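This report walks through one protein chain and its ligand. Look over the sequence and the model first, then read on.

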Amino acid sequence: MAEEMTPKVNMETIVSLCKRRGFVFQSSELYGGQASCWDYGPLGVELKRNIRDAWWRSVVQERDDMVGIDASILMHPQVWEASGHLQGFTDPLTECKGCHRRWRADEAKDGRCPSCGGELTEPRMFNLLFKTFMGPVEDSASTVYLRPETAQGIFVNFENVLATSRKKLPFGIAQIGKSFRNEITPGNFIFRSREFEQMEIEYFVKPGTDEQWFRYWLEERFNWYVNLGIKRQNLRLREHMHHELAHYAKCCYDIEYLFPMGWSELEGIANRGDYDLSRHSQFSGRSLTYFDEESGQHITPYVIEPSAGVDRSLLAFLLDAYDEEPDKEGIRVVLRFHPTLAPVKVAVLPLSRNPRLQPLAREVYNRLRRCWLVQYDDAQSIGRRYRRQDEIGTPLAVTIDFQSLEDNQVTIRDRDTMKQIRVPLGVLEETLERKLAGEPLEVLPPGGSYWLGWGE
Ligand code: ATP
């Protein structure tokens with residue numbers, strides 16, 4: 001049963017792979033590191049972009065009922081009053097009387113310090129908003145907040161978007177961007193940090209149809225992860241108990257992933273009712289309603305909010321893709337990323353550094369990089385280079401050998417099966433394209449190729 005499963009890889013292995021291969025680094029490491037902040041390296045930034053692009057494509061590009069925006073991080077302070085964050089965006093904070101470490105009260109399970117077992121102080125409510133000042137004067141009139149969610153940027157633009165996009169209910173607005181929370185206990189690598197990125201949808205519907213749309217988005221969002229390769233058994237839906245519900249939510253489910261520390265939230269999907277638009281109407285004095293032609297009435301739409309984290313998704317995609325298998329040299333580490341997410345799509349590998357191979361190998365490299373992010377590697381043995389590409393999840397490698405100079409054919413090697421085929425240069429892009437789209441490597445392109453069998 002899913003409940004009893006244990007994740008196949010631990011966090012240390014992933015953290016170390018991320019550092020070694022350039023996915024994620026500790027922020028400001030040069031100065032001893034800035035706790036709970038992370039920097040994405042050359043491969044991490046590609047993976048992140050691919051996740052964002054896949055999300056945008058699925059929730060905006062391929063739909064008629066969605067549009068996107070990009071709102072600013074600093075907003076009018078009244079936004080946070082209206083949204084309830086100034087008052088209610090708090091976590092219970094408690095401190096150990098012995099070691100003085102601070103905890104979120106719900107983490108101290110038996111009421112004792114999780115670190116030293118010491119006695120804890122009475123919890124007090126701690127507001128997670130980051131404060132700063134706008135302009136040269138540091139006083140209360142110039143206080144602004146770093147947004148703790150991207151959602152409010154959508155609500156305050158509801159009228160603008162409605163007027164300019166001429167959408168009819170139901171329709172949604174999507175946004176990707178940074179959010180900031182002064183978390184009491186950040187941790188578990190990029191799972192919980194103080195600066196992170198969200199991918200949020202506010203989907204506006206007619207009251208009365210909200211439950212049906214809530215179920216729709218639950219399924220839609222769950223399948224997004226599955227379609228991008230996350231194993232179904234590592235995902236589950238969990239309904240929030242009444243006491244867990246945020247102040248605005250009518251109903252909320254989490255999509256959870258089986259992280260190394262156990263089942264934890266990957267994305268939250270909430271039915272927010274008309275809370276946000278009503279509150280912003282009340283605080284701004286502007287009526288944020290929709291004219292329903294059918295009934296001839298102005299209505300306040302209900303909102304379904306699927307709210308995902310870019311960093312948490314990235315961690316889940318990494319963990320789920322990680323695989324190890326024995327090979328001749330010990331252990332082959334493979335990141336079995338879905339091709340859509342893989343940071344590097346194709347590696348171009350001349351069989352050796354022999355100068356005779358270089359011109360053709362460079363020509364192939366220059367051709368392919370017009371289509372995809374491609375890496376050229378001619379250092380060390382071909383076996384070592386295949387392993388290096390496996391470890392960063394590159395789905396395909398193209399090898400140029402001496403025979404290629406004679407017959408204008410190259411070898412394509414598949415990361416997952418390690419199978420190889422030889423294809424004429426004339427159909428190389430087309431074959432790679434089909435393979436990246438999920439066709440088995442054995443499928444012959446027009447113009448022919450022949451099966452080489454298992455490599456290595
Ligand atoms: P948690 O219960 O884990 O603190 P939450 O319920 O407060 O999360 P939401 O407010 O629902 O989180 O935020 C939506 C999504 O944003 C989360 O599912 C997660 O993917 C991401 N997210 C929230 N807080 C953080 C954080 N501190 N670090 C990284 N991602 C986060």
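A residue counts as near the ligand if one of its heavy atoms lies within 4 Å of it. The model shown here is predicted.

## The ligand and its shell

How many residues surround the ligand? There are 16 of them. The closest are Glu183, Arg192, Ser193, Glu265 and Ser307. By type, the shell divides into 4 nonpolar, 5 polar and 7 charged residues.

Three strands each give two or more residues to this shell: E10 (195-205), E13 (262-273) and E16 (302-309). Strand E13 gives the most, with 4 residues.

## Polar contacts to the ligand

Start with the side chain of Glu183. One of its N or O atoms is 2.8 Å from a nitrogen atom of the ligand. Backbone atoms take part as well. A polar backbone atom of Leu266 is 3.0 Å from an oxygen atom of the ligand. For Gly309, a polar backbone atom is likewise 3.0 Å from a ligand oxygen.

How much of the ligand does the protein cover? On its own, the ligand has 600 Å² of accessible area. The protein covers 83% of that.

## A salt bridge beside the ligand

Glu183 and Arg192 are both among the residues closest to the ligand. They also form a salt bridge with each other. Their closest N and O atoms are 3.7 Å apart. Are these two residues buried or exposed? Both Glu183 and Arg192 are buried.

## A bridge between two shell strands

Glu305 forms a salt bridge with Arg272. Here the closest N and O atoms are 2.6 Å apart. The pair links distant parts of the chain, with Glu305 in strand E16 and Arg272 in strand E13. The two residues are 33 residues apart. Strands E13 and E16 both contribute to the shell around the ligand.

Why do both partners count as buried? The cut-off is under 20% relative accessible area. Glu305 has 5% relative accessibility, so Glu305 counts as buried. Arg272 has a relative accessible area of 1%, so Arg272 is buried too.

## A bridge across the sequence

Arg21 forms a salt bridge with Glu391. The closest N and O atoms of this pair are 3.0 Å apart. Arg21 is in helix H1 (residues 11-21), and Glu391 is in helix H11 (residues 382-391). The pair links distant parts of the chain, 370 residues apart.

The two partners fall on either side of the 20% cut-off for burial. Arg21 has a relative accessible area of 21%, so Arg21 is partly exposed. Glu391 has 15% relative accessibility, so Glu391 counts as buried.

## Salt bridges overall

The count comes to 45 salt bridges. Some of them share partners and so join residues into one network. The members are Asp323, Glu325, Asp327, Arg332, Arg336, Arg387, Asp390, Arg413, Arg415 and Asp416.

## The chain as a whole

The chain has 456 residues, and 51% of them count as buried. It holds 13 helices and 24 strands. Along the principal axes, the C-alpha atoms fill a box of roughly 75 × 65 × 55 Å.

Consider contacts in the chain between residues at least 6 apart in sequence. Of these, 65% join residues at least 24 apart. The accessible surface of the chain comes to about 21,800 Å². Carbon and sulfur atoms account for 49% of that surface.

How values were computed:
Residues numbered from 1 in each chain as written. Predicted model: local features only at pLDDT ≥ 70, side-chain atom pairs only at ≥ 80, totals over all residues. Heavy atoms only, no water. Polar contact = N/O pair within 3.5 Å; in protein donor to acceptor, adjacent residues only side chain to side chain. Areas by Shrake-Rupley, 256 points an atom, 1.4 Å probe, with all protein chains shown as cover. Nonpolar A, V, L, I, M, F, W, Y, C, P; charged D, E, K, R; others polar. Salt bridge = Lys/Arg side-chain N within 4 Å of Asp/Glu carboxyl O. Buried < 20%, exposed > 50% of the residue type's maximum accessible area, 1.4 Å probe, protein only. Contact = heavy atoms within 4.5 Å.
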